[in-house]
Every structure is written in structure tokens, then in C-alpha cells.
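The following exercises are to be worked from the sequence and the coordinates. Each task is followed by a solution in steps.

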Amino acid sequence: ISPVVERSVTISCVTTRELMLKDFAMEPDELRMRKAAQLMVQNLAGSLALVTCKEPLRVACGNHMRVLLQQAGVDSQLMEQVVQHCSSDN
């Protein structure tokens, strides 16, 4: 997940820089501009990381549950139903 977070932060920083140059070009208060930039980077990076990681994380959780249920000796048909239901709900 770490490379995803680094990539998300990099993309967010570049995007924020461009937006700040456009939207805050005439803003005289440097502290206000800095705070706006920090909030924008945090929100963009978090949202981008979530969107990027959601599907791989769901697949990894499903695979892990499948292995645990196989080790517990659960019927394969029931196991697939449980894995599908749990991974789609979460």
C-alpha cells in the first residue's frame, strides 16, 4: 500500500500546486493560502489512495478468508458464498 500512498501524495501535490496558482493568485494572506493547500493535499491524497486501493484490498481480503476457511474444512460452495458476501459488504 505504501507505493500507492506515495503516488497519491505526489499526484495530489502537483494538482494542488496548479489549483493554488490558479485560484489563489490574488490572495494576500500567505498563511491562509498555506492552510488551504495543506487541506487540499490531505483530502486529495486520501481520496485517491482509497479509490486506488479499494479493489486490490477487497481481493486480498477475499483470498485470505478463502485460505482460512479451507484450513477450517468448510464446504467449498458455502465457502465461496461466505467470501463473496463478506468481501462485497466490506
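The exercises below concern a predicted model.

**Exercise 1.** Determine whether the end-to-end distance of helix 2 agrees or disagrees with its number of residues.

*Solution.* Helix 2 covers residues 30-71, which is 42 residues. At 1.5 Å a residue, the expected span is 62 Å. The C-alpha atoms at its ends are 59 Å apart, and the two values therefore agree. The helix nevertheless has a kink of about 40° at Lys-54, shortly before Pro-56.

**Exercise 2.** Describe what lies at the two ends of helix 2.

*Solution.* At the N-terminal end, Asp-29 acts as the cap, with a side-chain oxygen 3.3 Å from the backbone nitrogen of Leu-31. After the helix comes Gly-73, which has a positive phi near 80°.

**Exercise 3.** Identify the buried residues of helix 2 and the helices against which they pack.

*Solution.* The buried residues are Ala-36, Ala-37, Val-41, Ala-45, Ala-49, Cys-53 and Gly-62. Their packing partners are helix 1 (2-23) and helix 3 (76-89). As to spacing, residues three or four places apart in an α-helix point the same way, because a turn has 3.6 residues.

**Exercise 4.** Establish how many disulfides the structure contains, and examine Cys-13 and Cys-53.

*Solution.* A search of the whole structure finds zero disulfides. For Cys-13, the nearest cysteine sulfur belongs to Cys-53, 17 Å away. For Cys-53, the closest cysteine sulfur is that of Cys-61; at 12 Å it is too far for a bond, given a cut-off of 2.5 Å. Cys-13 counts as partly exposed because its relative accessibility is 39%, whereas Cys-53, at 14%, counts as buried.

Key. Residues are numbered from 1 along each chain as its sequence is written. This is a predicted model: local features need pLDDT of at least 70, side-chain atom pairs count only at pLDDT 80 or more; totals for chains, interfaces and linings use all residues. Side-chain values use heavy atoms; hydrogens and water are left out. Helices (H or I, at least four residues) and strands (E, at least two) are DSSP runs, numbered from the N terminus. The expected span of a helix is 1.5 Å times one less than its number of residues. The bend at a residue is the angle between axes fitted to the seven residues ending there and the seven starting there. Buried means under 20% relative accessible area, exposed over 50%, partly exposed in between (1.4 Å probe, protein chains only). Contact means heavy atoms within 4.5 Å. A polar contact is a pair of N or O atoms within 3.5 Å; within protein, one must be able to donate a hydrogen and the other to accept it, and residues adjacent in sequence count only if both atoms are side-chain atoms.
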